[in-house]
Amino acid sequence: MAIYALNLFNVKSEEEYRAYAGGAEAALKRHGGRPLLFGRLSRPAVGDIAPRQVMMVVEWESMEGINGYIHDPKLAEVHPHRDRGVSDFVWHLFDKVEDIGDALAKGETR
């Protein structure tokens with residue numbers, strides 16, 4: 001079952017973030033990740049959240065793929081670029097559901 005990663009962040013250094021993204025792209029695919037969409041903040045945030053500049057949603061095939069990506073030794077050199085390139089990083093994982101009833105039925109987090 002697909003898992004969606006919602007990433008929210010601010011860009012501190014465009015150069016550093018581009019270095020991370022360029023180095024991470026092949027690993028993302030290798031571990032079953034597929035970027036679905038990117039977005040830039042265009043309006044003030046609403047609700048109980050500090051606004052972030054960028055939003056990205058990645059679809060993952062499995063939790064094993066996510067863990068493989070996180071712990072991929074080939075990414076050890078590019079992760080520091082991410083750390084220098086972004087701030088205020090938020091990462092949430094969501095299981096794919098077929099309808100709103102599935103999303104409301106359990107009401108639990110992992």
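Asp88 lies in strand 4, and in this predicted model its backbone does something worth a look: the residue has a positive phi of about 55° although it is not a glycine. With a relative accessible area of 45%, Asp88 counts as partly exposed, because buried means under 20% and exposed means over 50%. Strand 4 itself sits at an edge of the sheet, pairing on one side only. From there, here's the rest of the fold, topic by topic.

**The sheet**

- Four strands make up an open sheet in the order 2-3-1-4, with antiparallel pairing.
- Strand 2 is an edge strand too, as is strand 4.
- Going from one strand to the next, the twist averages 20°.
- Helix 2 packs on this sheet, where it touches strand 1, strand 3 and strand 4. The direction of helix 2 makes about 155° with that of strand 4.

**Strand 3 and its partners**

- Strand 3 (54–60) is joined to strand 2 by seven bridges, and the two run antiparallel.
- On that side, Phe38 stands opposite Met56, and Pro35 stands opposite Val58.
- Seven bridges also join strand 3 to strand 1, again antiparallel. Here Leu6 stands opposite Val57.
- How many of the seven residues of strand 3 are buried? Six are, so the strand is largely enclosed by the rest of the structure.

**Helix 1**

- Helix 1 (14–30) has 17 residues, which at 1.5 Å a residue should span 24 Å; the end C-alpha atoms are 25 Å apart, so the two figures agree.
- That said, the helix isn't straight: there's a bend of about 40° at Ala24.
- Ala24 is also one of the buried residues of helix 1, alongside Glu16, Tyr17, Tyr20, Ala27 and Leu28.
- What do these buried residues pack against? The list takes in strand 1, strand 2 (33–40), strand 3, helix 2, helix 3 (79–85) and strand 4 (86–95).
- Just past the end of helix 1, Gly32 takes a positive phi of about 85°.

**The nonpolar core**

- The largest nonpolar core has 17 residues, and those with the most contacts inside it are Tyr17, Tyr20, Val58, Trp60, Tyr69 and Leu75.
- At least two core residues come from each of strand 1 (3–11), helix 1, strand 3 and helix 2 (63–70).
- Which element gives the largest share of this core? That's helix 1, with five residues.
- As background, nonpolar side chains tend to be buried together in soluble globular proteins.
- Leu75 is in contact with Gly23, Ala24, Ala27 and Tyr69, leaving aside neighbours within four places in sequence. One of those partners, Ala24, is where helix 1 bends.

**Met63**

- Met63 lies in helix 2, the helix that packs on the sheet.
- Is Met63 buried, partly exposed or exposed? With a relative accessible area of 32%, Met63 is partly exposed.
- Not counting residues up to four places away in sequence, Met63 touches Ile3 and Leu93.
- Met63 and Gln53 are 10 residues apart in sequence and 27 Å apart in space, C-alpha to C-alpha.

Note on methods:
Residues are numbered from 1 along each chain as its sequence is written. This is a predicted model: local features need pLDDT of at least 70, side-chain atom pairs count only at pLDDT 80 or more; totals for chains, interfaces and linings use all residues. Side-chain values use heavy atoms; hydrogens and water are left out. A nonpolar core is a set of buried Ala, Val, Leu, Ile, Met, Phe, Trp, Tyr and Cys residues joined through side-chain atoms within 4.5 Å. Buried means under 20% relative accessible area, exposed over 50%, partly exposed in between (1.4 Å probe, protein chains only). Contact means heavy atoms within 4.5 Å. The expected span of a helix is 1.5 Å times one less than its number of residues. The bend at a residue is the angle between axes fitted to the seven residues ending there and the seven starting there. Two strands pair if DSSP finds at least two bridges between them. Axes are lines fitted to C-alpha atoms, for helices over the stretch in contact, and angles run from 0 to 180 degrees between N-to-C directions.
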